[in-house]
Amino acid sequence: MTATMDRRALLTRAALGATGLVAASAMGSLAPETAFAAGAQFPDAGQPDPNFAEGLIIGRNQDLLQVQGSDGRLHRIQLTGVTSVWKLRPTTIDQAKIGDGLYARGVLLPDGILAAEAVWVNIVNLTVAITSIGRNGVQLDHHGQKVVGHVQAGTTAAVYNGTPAVSDLSMLKVGRHAQVIGAWRPGTNEIDIATIYTSN
């Protein structure tokens, strides 16, 4: 309980304009896989987690985002000096733009604003089949839809059979099924690949 109150106090101060030296990632993982785990938490049976939001950014007033959720709800998300932001890799809050999709985790304040401790921008988690492999990317099939996966030097990694992630993609094979976590390029069928999980 103390950790929750400390986190709430820290984010509340940050939302009100105070600065801090502690990154939000120190309170929880910014790993992209964490975004999907956070969305699955239900504090009360049948109720969504009030400290989690997802949707499309439809407006921005400095560091306050207006987000239209996939369920139709409108969220107000406050980015602060301690908000950690992921957009294919850890980045800064100015990279969250209108038209981007996001997942956000933080603390719901009394006025209904979510003070974000972590935001994942344009994150996708796809189950795919690998249809072709090129020098700079892979062609993927996601339930009959073609997806172009771009390899980003220094960022893209592969996990084979649950082993530690490596930058070597040479063991990817056409026809294999995989799970891909990456960043969607809005308005396209293209993603930048963060991690691809497969068996070899």
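How many aromatic pairs does the structure hold? Before I answer, a word on what we are looking at: this is a predicted model, in which local features need pLDDT of at least 70 and side-chain atom pairs count only at pLDDT 80 or more, while totals for chains, interfaces and linings use all residues. Residues are numbered from 1 along each chain as its sequence is written, and side-chain values use heavy atoms, with hydrogens and water left out.

The structure holds 1 aromatic pair, where rings of Phe, Tyr and Trp (its six-membered ring) pair if their centres lie within 6.5 Å, and planes under 30 degrees apart count as stacked, over 60 as edge-to-face and the rest as tilted. Here the rings of phenylalanine 52 and tyrosine 103 have centres 5.6 Å apart and planes at 80°, so the pair is edge-to-face. The two partners come from distant parts of the chain, since phenylalanine 52 sits in strand β1 and tyrosine 103 in strand β6 (residues 101-108), 51 residues apart. When I name strands and helices, I mean DSSP runs, numbered from the N terminus, with helices being H or I of at least four residues and strands being E of at least two. Phenylalanine 52 counts as buried because its relative accessibility is 11%, whereas tyrosine 103, at 22%, counts as partly exposed; the cut-offs are under 20% relative accessible area for buried, over 50% for exposed, and partly exposed in between, with a 1.4 Å probe and protein chains only.

Let me now step back to the whole protein. There are 2 helices and 13 strands, and of the 200 residues 43% count as buried. If we take the contacts with a separation of 6 or more, residues 24 or more positions apart account for 57% of them, a contact being heavy atoms within 4.5 Å.

What about the interior? The largest nonpolar core has 16 residues, and Leu140, Leu172, Val180, Ile191 and Ile196 touch the most other members. By nonpolar core I mean a set of buried Ala, Val, Leu, Ile, Met, Phe, Trp, Tyr and Cys residues joined through side-chain atoms within 4.5 Å. Two or more residues of this core come from each of β8 (123-133), β9 (137-142), β11 (157-160), β12 (177-184) and β13 (190-198), and β8 gives the most, with 4 residues. Apart from this core lies another, of 14 residues, among them Leu79, Ala116, Val119 and Val121.

To see one core member in its surroundings, please find valine 180, which, leaving aside neighbours within four places in sequence, is in contact with several residues, including Val124, Leu126, Leu140, Ile191 and Ile196. Strand β8 also holds isoleucine 133, which counts as partly exposed because its relative accessibility is 38%. Not counting residues up to four places away in sequence, isoleucine 133 touches Val138, Leu172, Lys173 and Val174, and its C-alpha lies 6.9 Å from that of valine 174, although the two are 41 residues apart in sequence.

Two histidines make a useful contrast. Histidine 75, in strand β3 (residues 74-78), is buried because its relative accessible area is 11%, while histidine 143, in the loop between β9 and β10 (145-151), is exposed because its value is 65%. Beyond four places in sequence, histidine 75 is in contact with Ala53, Glu54, Leu65, Gln66, Val67 and Gly69, and its C-alpha is 9.7 Å from that of leucine 56.

Finally, let us turn to charged side chains. The count comes to 6 salt bridges, each being a side-chain nitrogen of Lys or Arg within 4 Å of a carboxyl oxygen of Asp or Glu. One of them joins aspartate 71 to arginine 73, with the closest N and O atoms 2.9 Å apart. Elsewhere Arg185, Glu190 and Asp192 are linked in a network: arginine 185 meets glutamate 190 at 3.4 Å, N to O, and forms a salt bridge with aspartate 192, where the closest N and O atoms are 2.7 Å apart. Within this network, aspartate 192 counts as buried because its relative accessibility is 13%, whereas glutamate 190, at 23%, counts as partly exposed, and so does arginine 185, at 30%.
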